[in-house]
2 protein chains.
Amino acid sequence: MDVDEPVCLPRLSRVAVCGGTHGNELPGVYLVRELLKLQRRASEGEEDDGEEHTSMLTVLSNPRAVQQCRRYTDTDLNRCFTLATLNGPTSDSPPYEVLRAQELNAMLGPKGGPGAVDLVCDLHSTTANMGLCFIAYSDCDWICLHIFKHLQRRMPDTPMRFIHLGISGKESYSLDSVGKHGFAMEIGPQPHGGVRSDIYAVMSAGVRHMLDWVGLFNSGAVFEGGWVDVFTLVKNIDYPRDSKTHNITAAIHSHLQDRDFCLLRPHDPVFQTFSGETLRYEGGEPLYALFINECSYYEKGIALSLARKRRLAVPGIRAQTEEEEQADERALTSEEEE
Amino acid sequence: MDVDEPVCLPRLSRVAVCGGTHGNELPGVYLVRELLKLQRRASEGEEDDGEEHTSMLTVLSNPRAVQQCRRYTDTDLNRCFTLATLNGPTSDSPPYEVLRAQELNAMLGPKGGPGAVDLVCDLHSTTANMGLCFIAYSDCDWICLHIFKHLQRRMPDTPMRFIHLGISGKESYSLDSVGKHGFAMEIGPQPHGGVRSDIYAVMSAGVRHMLDWVGLFNSGAVFEGGWVDVFTLVKNIDYPRDSKTHNITAAIHSHLQDRDFCLLRPHDPVFQTFSGETLRYEGGEPLYALFINECSYYEKGIALSLARKRRLAVPGIRAQTEEEEQADERALTSEEEE
């Protein structure tokens, strides 16, 4: 294959936009509600729009947690989408979120199966100063990386980064892993349990540009290749804790607070103890700090995460034509028959 | 009485510093734990410090909510300190917070009684950009107003305001109302469920300067009078809501977000609906906006509060001497005998 020839990929006919996977992350909750309102109005106005190449599913993922304005009711829903949890036997009284994950898998999946939606975009917000982030399991999912590049071009004033979780698809645990392609769109800073209009506006623009891109892609547009900086998670660092009570004994140092994606060098300040002492980064390798002081991660024992950055080459892509898709299907069928 | 003669007030021999009245407001939780640690060390080191004029009680107000990192478990503890709730009969299974309020009243009160502690400082944090605020029921409690003036002088870089709730002592509902004098020290912005070291540092300095002031006052220092700007709450404004679902349909406008204590004038932007429309202030009187987009107030139906500002004359004060105190006690006793 010519290196300049774009990679051909199947069209994205079914896209899911999900919010409220964490019930207290309100920008996604209100954006999903707004999208549902618009969809209702559109369906009342123009009953049959034959032009549409894409069908959009809009999902409020954890309505019970949204109702209570909590991250979750029994267990973190966004850790329930492993194949083991989705397909395993359930106990007599399974956690609400396990049942809900299985429902969502039936609606959007099945995960790993041919019937799964083509793309899942799951909306999240964070108390950390993360700007707009894509979080994905793969660093070679050209669809996600091209959507990211598109948003970078269209929203030049928004700090934007691509985070690669660096664990195998098998171990993937989040809602976005149910789609053939998927990513979490994470935006901050904003406190949980509320909504800031600036964060809402960025999220709303991000989703609009993503859907625009999908429309362009499905209509046959060719997207040039290029480069994307990718942050791959290396490890998490917990707060210093009291050995007896397990209570934390320090907060993120004021020099590090709000400086997500800065390069943390050996001996840089990381924590300030509640008695005023500075604790420094003890690692030997400079790494990028992110999710600094995310409030939902206290219970997970994560004060910040550390990542390596590298520049990734992304090939040009285009959607398969109908003829190519049919040829692919025929090839697949004959393979299955062999 | 000569206007220049300082007002004489009883000494403050028992002071309570409380945190975790809202279990997810972590700066106060960690500061109280730190103070308890220092007290334990001091008591181990110097068994009997005869020099101390003041005894300090340090209280984690709502340990069950702290444990769960939630504002409260059954009901908002900081609304449970009305005389009706403290003294009323309890149902068969009273809310945990009602029982805890009665416990705290036994420990620090009884509210309104001669045995109550002299001063309660209750530590709070807020997601709104409030700086450091004193919140009090009275605008003529010279003790609270002088402590406020002292902190203003000692912490010139910290934005500081005095908020007067403007309801009668009878209706007072919060923990600080249990003391003979009392105020909430409210600091922001910071998300609930986490602790920022800058906010923690301001709170820690505020408490230290307050205790210093109490020490000076008890030692006979004379404090000059002066002026304090006081913000008196006038009303609360709720979010626009959908008439059927009661869900909010707008966020605080980006022009107003983070601008606590700005003067809101008629027709200024207040909300931005989730479909992008600007809603403006419809009141006729310019008022000061505060607690803008405090996340804990969504459930209370408060998007922001509005206040009037006025400048208050505060007289000079000093503590009564021992002789004056004894004379006062004799007078009181003879009054009782009459």
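In this predicted model, a good place to begin is A:Pro110, which sits in the loop that runs between helix H4 (96-108) and strand S4 (119-125) of chain A. The peptide bond that leads from A:Gly109 into A:Pro110 is cis, with an omega near 5°. Chain B shows a cis peptide bond between B:Gly109 and B:Pro110, where omega is about 5°, and B:Pro110 lies in the loop between helix H4 (96-108) and strand S4 (119-125) of chain B.

The two chains can be related to each other by a simple operation, since a rotation of 180° with 0.0 Å of shift along its axis superposes chain A on chain B, with an RMSD of 0.0 Å. This is the relation of a two-fold axis. Within chain A, the C-alpha nearest that axis belongs to A:Pro191, at 2.4 Å from it. Both copies use the same surface, for 100% of the contact residues of chain A recur in chain B.

Stepping back to chain A as a whole, its secondary structure consists of 7 helices and 16 strands, and its C-alpha trace spans about 70 × 50 × 45 Å along the principal axes. A compact globule of 338 residues would have a radius of gyration near 20 Å, and the 21 Å of chain A agrees with this. Of these 338 residues, 54% count as buried, and among the contacts with a separation of 6 or more, 76% are between residues 24 or more positions apart. The accessible surface of chain A comes to about 15,400 Å², of which carbon and sulfur atoms hold 48%. Chain A carries 33 positive and 49 negative charges, and the mean positions of these two groups are 8 Å apart.

Some single residues also deserve a careful look. A:Cys69, in the loop between helix H2 (63-68) and helix H3 (83-87) of chain A, has a positive phi of about 50° although it is not a glycine. A:Cys69 counts as partly exposed because its relative accessibility of 33% lies between the limits of 20% and 50%. In chain B, B:Phe261 is likewise a residue other than glycine with a positive phi, here near 75°, and its place is the loop between strand S10 (250-252) and strand S11 (263-264). B:Phe261 has a relative accessible area of 9%, which is under 20%, and therefore it is buried.

Finally, B:Leu36 belongs to helix H1 (residues 26-45) of chain B and is partly exposed, with a relative accessible area of 29%. The C-alpha atoms of B:Leu36 and B:Leu60 are separated by 9.5 Å, while the two residues are 24 residues apart along the chain.

How values were computed:
Residues are numbered from 1 along each chain as its sequence is written. Chains are lettered from A and ligands numbered from 1 in the order in which they are written. This is a predicted model: local features need pLDDT of at least 70, side-chain atom pairs count only at pLDDT 80 or more; totals for chains, interfaces and linings use all residues. Side-chain values use heavy atoms; hydrogens and water are left out. Helices (H or I, at least four residues) and strands (E, at least two) are DSSP runs, numbered from the N terminus. The radius of gyration is taken over C-alpha atoms; the globule rule is 2.2 Å times the number of residues to the power 0.38. Buried means under 20% relative accessible area, exposed over 50%, partly exposed in between (1.4 Å probe, protein chains only). Contact means heavy atoms within 4.5 Å. Accessible areas come from the Shrake-Rupley method with a 1.4 Å probe; for residues, only the protein chains shown count as cover. Lys and Arg count as positive and Asp and Glu as negative; His and the chain ends are not counted. The place of a charge is taken as NZ of Lys, CZ of Arg, CG of Asp or CD of Glu. Copies are superposed by least squares on the C-alpha atoms of residues with pLDDT of at least 70 in both.
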